[in-house]
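User: Please take a close look at a single part of this model and tell me how it sits among the rest. Plain wording will do.

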Amino acid sequence: MKLALSEIRKSTAGWTLIKIMMVVSLIGLLAAIAITRFFKSRETAQLGSIIGNLRIVESAKDQWALQNQKGTGDTPDWIGLSDFIKGGTVKPATSETYTINSVGTNAFATCSVRLGTYAPNDPITPQ
């Protein structure tokens with residue numbers, strides 16, 4: 001006895017539970033990879049922004065020292081540096097705080113969250 005074509009289609013139509021579980025697990029795996037990559041790229045961008053801000057501060061310190069005839073060991077303040085920074089201040093990337101230090105000594109930043117290889121509250125220096 002031959003089966004009609006419509007009866008064959010009915011018996012093989014639809015998704016099995018195994019196929020649905022495989023698709024859902026594959027989507028979950030891809031989402032897990034994408035989310036971790038997103039957080040890592042965000043941390044890298046924030047760390048790059050902090051290092052860029054530190055370079056701006058170092059450049060402003062050098063310009064301040066030249067303009068005011070100061071030398072190594074003199075310490076500027078934020079008000080004195082604001083004339084040499086575009087916009088008058090650096091834009092924070094996270095909740096970091098900047099320490100200027102004296103001319104000839106690198107400025108550094110500390111952040112309350114982990115960024116890359118820097119633990120919370122570790123000094124981040126321009127590289």
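Analyst: Read from the N terminus, the chain runs α-α-α-β-β-β, that is, three helices and three strands (DSSP runs numbered from the N terminus: H or I of at least four residues for helices, E of at least two for strands). The part examined here is helix α2, residues 17-67. The model is predicted, so local features need pLDDT of at least 70 and side-chain atom pairs pLDDT 80 or more, while totals for chains, interfaces and linings use all residues. Residues are numbered from 1 along each chain as its sequence is written, and side-chain values use heavy atoms, without hydrogens and water.

Ahead of the helix comes a loop that joins α1 (5-12) to α2, and Trp15 lies in this loop. Trp15 is exposed, at 62% relative accessible area (exposed is over 50%, buried under 20%, partly exposed in between, with a 1.4 Å probe and protein chains only). For the chain as a whole, 23% of its 127 residues count as buried.

Within the helix, Gln46 is a residue to start from. Gln46 counts as buried, with 19% relative accessibility. Beyond residues up to four places away in sequence, Gln46 touches Ala93, Thr94 and Leu115 (contact is heavy atoms within 4.5 Å). Ile50 also touches Ala93, Thr94 and Leu115, and in addition Glu96, Tyr98, Ala109 and Ile124, again leaving aside neighbours within four places in sequence. Across the chain, 52% of the contacts with a separation of 6 or more are between residues 24 or more positions apart.

Ile50 is also one of the core residues that touch the most other members; the others are Leu47, Leu54, Leu81, Tyr98 and Ile124. This largest nonpolar core has 20 residues (buried Ala, Val, Leu, Ile, Met, Phe, Trp, Tyr and Cys joined through side-chain atoms within 4.5 Å). Helix α2 gives the core its largest share, eight residues. In soluble globular proteins, nonpolar side chains tend to be buried together.

Two of the residues that Ile50 contacts, Tyr98 and Ile124, fall within the edge strands of the sheet, β1 (97-99) and β3 (123-124). The three strands make an open sheet with antiparallel pairing, ordered β1-β2-β3. Each edge strand pairs on one side only (pairing takes at least two DSSP bridges). Between β1 and β2 (residues 108-110) there are three bridges in the antiparallel sense. One of the bridges joins Thr97 to Thr110 in β2.

Further along the helix is a salt bridge between Lys61 and Glu58, with the closest N and O atoms 3.2 Å apart. A search of the whole structure finds one salt bridge (a side-chain nitrogen of Lys or Arg within 4 Å of an Asp or Glu carboxyl oxygen). Lys61 and Glu58 lie about one helical turn apart, because three residues separate them in α2. Both partners are buried: Lys61 has a relative accessible area of 0%, and Glu58 has 15%.

Gln63 is also in α2, but is partly exposed, with 37% relative accessibility. From the C-alpha atom of Gln63 to that of Ile85 the separation is 9.8 Å, with the two positions 22 residues apart along the chain counted as their distance in sequence.
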